[in-house]
Structures are given as C-alpha cells and as structure tokens.
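Got your viewer open? Load the model, and let's walk through it one selection at a time.

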Amino acid sequence: MSEPTHDFLSLAVDSLETSALTKAQLAEMLFEQIGLNKRESKDMVEAFFDLIGARLVAGDEVKLSGFGNFQMRIKAPRPGRNPRTGELIPIAARRVVTFHASQKLKSQLQADDESPSEPA
C-alpha cells in the first residue's frame, strides 16, 4: 500500500517547476490531489510546519516515520577565523536543527542513486 503513495508523491514532485519544494506548492498539491479547498490546504501546511517548529523550539525531537528525525541541539562556543583578514573571532554558542534520515529514506536515496539515468 505504500507504493501508491510513493507514486503519488513522485508524480506530484516531478511536475514542479523548480527544484525546491515550497509550502505553496505543498498546499497546491493538497488542493489538487486530495480535494481540500485552497484555504484549508494552506492552513494545513502552515499548521504542520508551525507545530514542528514549536516542538523543536521546546527542545523536543520530531520523528516522522519513514522519513527521518529532526532534533534541536546546542553547539558550543568556539574560536573562528575571518577568512578575509585571518583575524580570530569568537563564535557564540547557538541552537541548531539537525536532520537524520530514516533507513527507509536512505534506502530510497540509494536506489535512486543506482539508476542508470542519473549522471555518475
């Protein structure tokens, strides 16, 4: 049953004009493929990303089964260097989001990587 979903996403993403998938394009796909109205589609996409962002800001891990995990982590302060002048500058501690792909996504990427149509 997972194959039809994969086919749906492949067809939808292949039809996009740019290489980046935007929130507006996701909302348009919900409108066209699922039948939600445009306002509901936009609201659903916004709510999805707002929820993920809020959970990450709160320090929670976000797990999307079959896709991957998003985590917020704190990078320690460290010395840096201005590449133009060579001057040492401090880089402050900061919070960053990391993503780790699931095994299922990694397998799909490897299968696509082995296809003969892609340049090596």
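Here comes a short tour of a sheet, a helix and some charged pairs in this predicted model.

**Stop 1: the sheet.** Select β1, β2 and β5. These three strands make an open sheet in the order β1-β2-β5, with antiparallel pairing. Look at the edges: β1 (62–64) and β5 (94–101) each pair on one side only. From one strand to the next, the twist averages 25 degrees.

**Stop 2: inside the sheet.** Now pick β2 (residues 68–75) and follow it along β5: eight bridges join the two. Which residue of β5 is the bridge partner of Asn69? Click on His100 and you've found it.

**Stop 3: the helix on the sheet.** Add helix α3 (residues 38–57), which packs on the sheet and touches β1, β2 and β5. Its direction makes about 135 degrees with that of β1.

**Stop 4: charged pairs.** Side chains of opposite charge can pair when their charged atoms come close. This structure holds four salt bridges, so show some side chains and let's visit a few.

- Lys23 and Glu46: the closest N and O atoms are 3.4 Å apart. This pair links distant parts of the chain, with Lys23 in helix α2 (residues 23–34) and Glu46 in helix α3.
- Asp43 and Arg39: another salt bridge, at 3.3 Å from N to O. Both residues sit in helix α3, four residues apart, or about one turn. Asp43 is partly exposed at 37%, while Arg39 counts as exposed at 51%.
- Arg55 and Asp60: these side chains meet at 2.9 Å, N to O. Arg55 is partly exposed, and so is Asp60.

Key
Residues numbered from 1 in each chain as written. Predicted model: local features only at pLDDT ≥ 70, side-chain atom pairs only at ≥ 80, totals over all residues. Heavy atoms only, no water. Pairing = 2+ DSSP bridges. Axes fitted to C-alpha atoms, helices over the stretch in contact; angles between N-to-C directions. Contact = heavy atoms within 4.5 Å. Buried < 20%, exposed > 50% of the residue type's maximum accessible area, 1.4 Å probe, protein only.
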